[in-house]
Amino acid sequence: MVVFDQYCRKHQIEYSLCGGTRLGAVRHGGFIPWDNDVDIEMVRKEYERLRQCMLEDVPEFKISDFLYEKKIILEGQESSYIDLFILDPAPDNKCGRWWKKSRLLFIQGMLHENPPKNKKNKEIMIFLWVTYLIGKPFQKEKLRGVYERVSRESEHCNTKQLTTYNTGYKLMCTYDAELIEAGYQDILFCGRKMRIFKSCKKMLEKQYGDYMKWPDDKDRHPAHQRHENITEKKI
């Protein structure tokens with residue numbers, strides 16, 4: 001995270017801590033004690049600037065694809081990474097947002113390379129099996145291209161909302177564009193300055209409700225499993 005932050009500051013590229021990392025920065029001044037990953041987000045424009053800079057000034061890290069997600073990996077440290085979420089325009093009406101998410105969820109199922117595991121919800125299992133079988137004949141790289149094109153729909157429209165689409169359904173959090181447009185600021189994270197949206201507290205309220213309240217002891221555990229066999233696509 002330090003290496004990534006230094007590179008972004010060098011090239012005047014903006015990013016923000018997000019998810020549990022944003023919550024940890026505001027509530028704990030660093031990692032949530034039981035958390036095991038780092039999350040950041042970037043608006044599409046800043047992400048494209050990052051990609052361009054990485055072509056001209058090769059950093060110590062790379063950006064790799066895992067299904068529909070993106071990971072920032074430090075060279076020589078493949079077992080550790082940062083989850084990178086990209087904020088793209090979202091349709092202003094509910095039907096438009098539902099239709100866009102539904103198409104992306106369908107492509108997510110097509111991107112899976114292994115058969116879906118048993119789920120308690122039979123409808124979800126049927127959906128996963130159908131999309132998995134439909135996706136088998138297709139090249140994964142082409143599917144990722146389609147996924148990105150759908151994610152970027154409406155980027156030239158003056159929409160009032162942004163959503164992180166390169167993640168699972170429950171983490172596709174939608175924010176009012178004005179919260180993003182309010183800009184960025186520094187925040188101390190484990191004693192180091194990192195970047196965060198100025199509207200971070202409003203974002204935390206939207207995502208977690210009373211975010212300053214600690215969860216019960218039984219819920220204090222890492223929320224994510226670490227992924228293996230990440231498909232590397234160095235940018």
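How many residues lie between strand 8 and strand 9 in the hairpin that the two strands form? The answer is two, and one residue of the turn, cysteine 190, has a positive phi of about 55°. The close-up views below are taken from a predicted model.

**View 1. The hairpin of strand 8 and strand 9.** Strand 8 covers residues 184-189 and strand 9 covers residues 192-197. The two strands run antiparallel and are joined by six bridges. Within this pairing, isoleucine 187 is placed opposite methionine 194 of strand 9. In the turn, cysteine 190 is partly exposed, because its relative accessibility is 46%, between the limits of 20% and 50%.

**View 2. Helix 2 packed against helix 8.** The axes of helix 2 (residues 19-27) and helix 8 (residues 200-208) are 10 Å apart and make an angle of about 125°. Helix 2 is therefore oblique to helix 8. The crossing of these two helices is left-handed. On the helix 2 side, the residues that meet helix 8 are Gly19, Gly20, Arg22, Leu23 and Val26. Their counterparts in helix 8 are Cys200, Lys201, Met203, Leu204, Gln207 and Tyr208.

**View 3. The surroundings of helix 2.** Helix 2 is largely enclosed by the rest of the structure, because eight of its nine residues are buried. The buried residues are Gly19, Gly20, Thr21, Arg22, Leu23, Gly24, Ala25 and Arg27. The elements that cover them include strand 1, strand 2 (38-43) and strand 7 (174-176). Strand 8, strand 9 and helix 8 also belong to this cover. After helix 2 comes glycine 29, with a positive phi near 75°.

**View 4. Cysteines without disulfides.** Zero disulfides are found in a search of the whole structure. For cysteine 173, the nearest cysteine sulfur is that of cysteine 18, 9.4 Å away, and cysteine 173 is in no disulfide. Cysteine 173 counts as buried because its relative accessible area is 14%, under the 20% limit. Cysteine 190, in the turn of the hairpin, is likewise in no disulfide. The cysteine sulfur nearest to that of cysteine 190 belongs to cysteine 18 and is 16 Å away.

**View 5. Aspartate 92 and its contacts.** Aspartate 92 sits in the loop that links strand 5 (81-90) and helix 4 (94-111). With neighbours within four places in sequence left aside, aspartate 92 is in contact with Arg97, Asn158, Thr159, Lys160 and Gln161. Its relative accessibility is 38%, so aspartate 92 counts as partly exposed. Valine 2 is 90 residues from aspartate 92 in sequence, and their C-alpha atoms are 36 Å apart in space.

**View 6. Loop residues glutamine 12 and serine 154, both with positive phi.** Glutamine 12 is not a glycine, yet its phi is positive, at about 55°. The loop that holds glutamine 12 runs between helix 1 (2-10) and strand 1 (16-17). Glutamine 12 is exposed because its relative accessible area is 66%, over the 50% limit. Serine 154, also a residue other than glycine, has a phi near 75°. Serine 154 is part of the loop between helix 6 (140-151) and strand 6 (161-164). With a relative accessibility of 26%, serine 154 counts as partly exposed.

How values were computed. Residues numbered from 1 in each chain as written. Predicted model: local features only at pLDDT ≥ 70, side-chain atom pairs only at ≥ 80, totals over all residues. Heavy atoms only, no water. Pairing = 2+ DSSP bridges. Helix = DSSP H or I, 4+ residues; strand = E, 2+ residues; numbered from the N terminus. Buried < 20%, exposed > 50% of the residue type's maximum accessible area, 1.4 Å probe, protein only. Contact = heavy atoms within 4.5 Å. Disulfide = S-S within 2.5 Å. Axes fitted to C-alpha atoms, helices over the stretch in contact; angles between N-to-C directions. Parallel < 35°, antiparallel > 145°, perpendicular 65-115°, else oblique. Left-handed = near helix turned anticlockwise from the far one by under 90°.
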